[in-house]
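The following exercises concern one protein chain, examined with the sequence and the three-dimensional model side by side. Each task is followed by a solution that proceeds step by step.

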Amino acid sequence: QVQLVESGGGLVQPGGSLRLSCVASGSILSINDMGWYRQAPGKQRELVATIIWGGNTNYADSVKGRFTISGDNAKNTVYLQMDSLKSEDTAVYYCNAYGSSWSVRIPRDYWGQGTQVTVSS
């Protein structure tokens with residue numbers, strides 16, 4: 001199986017910055033892309049940003065110009081640099097990877113346990 005572990009969440013004031021990290025480990029056969037999603041209380045989980053190994057990135061309109069996704073394919077690691085944070089960015093942020101393992105060779109989504117980001121003064 002594939003395990004994802006996030007780190008870097010916390011409490012930050014409006015206008016501040018945070019950097020999230022996520023590392024995939026386990027019996028990884030291949031990972032096609034990785035990304036970040038978030039879920040605020042009472043709302044559905046939504047896409048924040050994704051990166052396809054090879055360079056293509058995709059962002060939610062609400063974070064364009066403020067968040068930057070990057071990663072290291074060789075290390076199965078993805079980062080999310082979050083700048084100019086707003087109160088509406090408060091949510092649990094989940095790391096996602098789409099790929100396959102040696103035991104489950106059909107590509108599927110894998111999820112981390114989530115990390116809390118709170119933007120408040």
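**Exercise 1. The nonpolar core**

Task: In this predicted model, state how many residues the largest nonpolar core has and which of them have the most contacts inside it.

Solution.
Step 1. The largest nonpolar core is a set of 32 residues.
Step 2. Leu-4, Met-34, Trp-36, Leu-80, Met-82 and Tyr-93 have the most contacts inside this core.
Step 3. The elements that contribute two or more residues to the core are strands 1, 3, 4, 5, 7, 8, 9 and 11. Of these, strand 5 covers residues 46-52, strand 9 covers 91-101 and strand 11 covers 115-119.

**Exercise 2. The disulfide**

Task: Locate the disulfide, give its handedness, and decide whether its two cysteines are buried or exposed.

Solution.
Step 1. A disulfide is a covalent bond between the sulfur atoms of two cysteines.
Step 2. A search of the whole structure yields one disulfide. Cys-22 and Cys-95 form this bond, with their sulfur atoms 2.0 Å apart.
Step 3. Cys-22 belongs to strand 3 and Cys-95 to strand 9, so the pair ties together parts that are 73 residues apart in sequence.
Step 4. The torsion about the S-S bond of Cys-22 and Cys-95 is about -85°; therefore the disulfide is left-handed.
Step 5. Cys-22 and Cys-95 are both buried; the criterion for this is a relative accessible area under 20%.

**Exercise 3. The four-stranded sheet**

Task: Determine the strand order of the open sheet of four strands, and explain why strand 1 and strand 7 each have one side without a neighbour.

Solution.
Step 1. The order of the strands is 1-3-8-7, and their pairing is antiparallel.
Step 2. Strand 1 (2-7) and strand 7 (67-72) are at the edges; each has a single partner strand, so one side of each lacks a neighbour in the sheet.
Step 3. From one strand to the next, the twist averages 15°.
Step 4. Within this sheet, strand 3 (residues 18-26) and strand 8 (residues 77-82) run antiparallel and are joined by six bridges. Val-23 stands opposite Thr-77 of strand 8.

**Exercise 4. Two hairpins**

Task: For the hairpins of strands 4 and 5 and of strands 5 and 6, identify a glycine with a positive phi in each.

Solution.
Step 1. Strand 4 and strand 5 are antiparallel and joined by six bridges. Asp-33 stands opposite Ile-52 in strand 5.
Step 2. Six residues lie between strand 4 and strand 5 in their hairpin, and Gly-42 in the turn has a positive phi of about 80°.
Step 3. Strand 5 also pairs with strand 6 (residues 57-59) in the antiparallel sense, over three bridges. Here Ala-49 has Tyr-59 of strand 6 as its bridge partner.
Step 4. Four residues separate strand 5 from strand 6 in their hairpin, where Gly-54 takes a positive phi near 125°.

**Exercise 5. Aromatic rings and charges**

Task: Find the aromatic pair, classify its geometry, and name the rings over which an arginine charge sits.

Solution.
Step 1. The count comes to one aromatic pair. Tyr-37 and Trp-111 form this pair, 5.1 Å centre to centre with 70° between the planes.
Step 2. Planes over 60 degrees apart count as edge-to-face, and the pair of Tyr-37 and Trp-111 is edge-to-face.
Step 3. Tyr-37 is in strand 4 (residues 28-39) and Trp-111 in strand 10 (residues 108-111), so the pair links distant parts of the chain, 74 residues apart.
Step 4. Trp-111 is partly exposed, with a relative accessible area of 35%.
Step 5. The charged end of Arg-19 sits over the ring of Tyr-79, 4.1 Å from its centre. The charged end of Arg-108 sits over the ring of Tyr-110, 4.1 Å from its centre.

Definitions and conventions:
Residues are numbered from 1 along each chain as its sequence is written. This is a predicted model: local features need pLDDT of at least 70, side-chain atom pairs count only at pLDDT 80 or more; totals for chains, interfaces and linings use all residues. Side-chain values use heavy atoms; hydrogens and water are left out. Two strands pair if DSSP finds at least two bridges between them. Axes are lines fitted to C-alpha atoms, for helices over the stretch in contact, and angles run from 0 to 180 degrees between N-to-C directions. Rings of Phe, Tyr and Trp (its six-membered ring) pair if their centres lie within 6.5 Å; planes under 30 degrees apart count as stacked, over 60 as edge-to-face and the rest as tilted. Buried means under 20% relative accessible area, exposed over 50%, partly exposed in between (1.4 Å probe, protein chains only). A charge sits over a ring if NZ of Lys or CZ of Arg is within 6 Å of the ring centre and within 35 degrees of the ring normal. A nonpolar core is a set of buried Ala, Val, Leu, Ile, Met, Phe, Trp, Tyr and Cys residues joined through side-chain atoms within 4.5 Å. A disulfide is a pair of cysteine sulfur atoms within 2.5 Å.
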